[in-house]
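Colleague: Could you take me through the salt bridges in this one, with a close look at how they sit in the fold? I'd like one connected account rather than a list.

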Amino acid sequence: MRSRLVMLLACVIAAVAVTVAASLVVSSRTQLPAAHASLPTSSASYLGVYETGPPHAYQPVADFTRVVGRQPNLVGYYSGWGEPFQTLFAEAVRRYGAVTILQMDPTDAAVPRIAAGYFDGYLRSYADSVRDFGHAVVIGFGHEMNAPWYSWGYGHVPPSTFVAAWRHIVALFRGQGADNITWLWTIQADVPGAGPVASWWPGAGYVTWVGIDGYYYRPTDTFASVFGQTIAQVRAFTGKPVLLSETAVGPEAGQVVKIQDLFRGMATYNTLGLVWFDIAQHQGIYHQDWRIEDNPAAEAAFRRGVSTLRLAPP
């Protein structure tokens, strides 16, 4: 009888030991070191670019660098829902002395389901990849949500639902230790048919920078008419730094003159800088050929503007 009790006690002790060991393993997996990184917020600190190659090829960015005479310190791409974080591309961008900026858009996902946690497995995997990368990354979600042309935007999703999804994503990423993210809340510059920007604001605790997307379409466009009203609206509820997160001057607007106006306006309004949409589109006035590479005078104007920036190191 005594031997049986001894054997039983040994089994209990062994079981407890296994349980404790397992809990320690699980704890070590869930309490991985957080990654921390932040970016400077001085005005005129950033030159970014969107090209057709990223995140699969860097060469178009290198070509843009050669044309404008300075290395962009933000290099962007658009991340469709379900796509992983492109770590190899982010590493390449870092080798060139720049920071990855990306828009994670819910292209095939219902925003209410994101807010409800239905996609948390995907989001945790994404957050883990960003954390493991370990360096600064700028991430936006559902860009231009105040405009009506995307499924996650105005007229399709209630602002309160979008805000809930934004907060859920930010909280989840932070919970995974991905504190190396600059959260870019990206709105469309005020246009007819857009919703009030304040309705989509998730709160200062969930946003690092404000991004504003806007373009020069016509000769009458100026920095004040494209961005001024929206910046004023934003300043009514937050003092967060403002980045021109997607912009360009179309040939129809007169690139040489308006590029100069763009850089002057950035200085006047104390913005962080710009991300140039260097992509050719041929679908009317709202989708022009935004590149400067085929216009020597526009290239020269852009070089002059870029020379005034005090680009921040990554």
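Modeller: Let's fix the burial words before anything else: buried means under 20% relative accessible area, exposed means over 50%, and partly exposed is in between (1.4 Å probe, protein chains only). Bear in mind that this is a predicted model, where local features need pLDDT of at least 70, side-chain atom pairs count only at pLDDT 80 or more, and totals for chains, interfaces and linings use all residues. Residues are numbered from 1 along each chain as its sequence is written, and side-chain values use heavy atoms, with hydrogens and water left out.

Now to your salt bridges. Side chains of opposite charge can pair when their charged atoms come close. The term here means a side-chain nitrogen of Lys or Arg within 4 Å of a carboxyl oxygen of Asp or Glu, and the structure has three of them.

Start with Arg131, which is buried at 7% relative accessible area. Its side chain meets that of Asp128 in a salt bridge, 3.0 Å from N to O. Both residues belong to helix H5 (residues 120–133), where they are three residues apart, about one turn of the helix. Helices here are DSSP runs of H or I with at least four residues, numbered from the N terminus. Asp128 is partly exposed, at 22%.

Arg131 also pairs with Asp132, with 3.1 Å between the closest N and O atoms. Asp132 is exposed, with a relative accessible area of 56%. Put together, Asp128, Arg131 and Asp132 are linked in a salt-bridge network.

Elsewhere, Asp289 and Arg291 form a salt bridge, their closest N and O atoms 2.8 Å apart. In this pair Asp289 counts as buried, at 12% relative accessibility, while Arg291 is partly exposed at 32%.

For the nonpolar side of the fold, look at the largest core: buried Ala, Val, Leu, Ile, Met, Phe, Trp, Tyr and Cys residues joined through side-chain atoms within 4.5 Å. It has 95 residues, and Phe173, Trp185, Phe227, Trp276 and Phe302 touch the most other members. Helix H6 (residues 159–175) gives the most to this core, seven residues.

How far to trust it? The chain's mean pLDDT, the predictor's confidence in each residue from 0 to 100, is 91, and 90% of residues reach 70 or more. Residues 1–29 are below 50, and beyond near neighbours in sequence that stretch has zero contacts in the model (contact being heavy atoms within 4.5 Å).

How values were computed
Helices (H or I, at least four residues) and strands (E, at least two) are DSSP runs, numbered from the N terminus.
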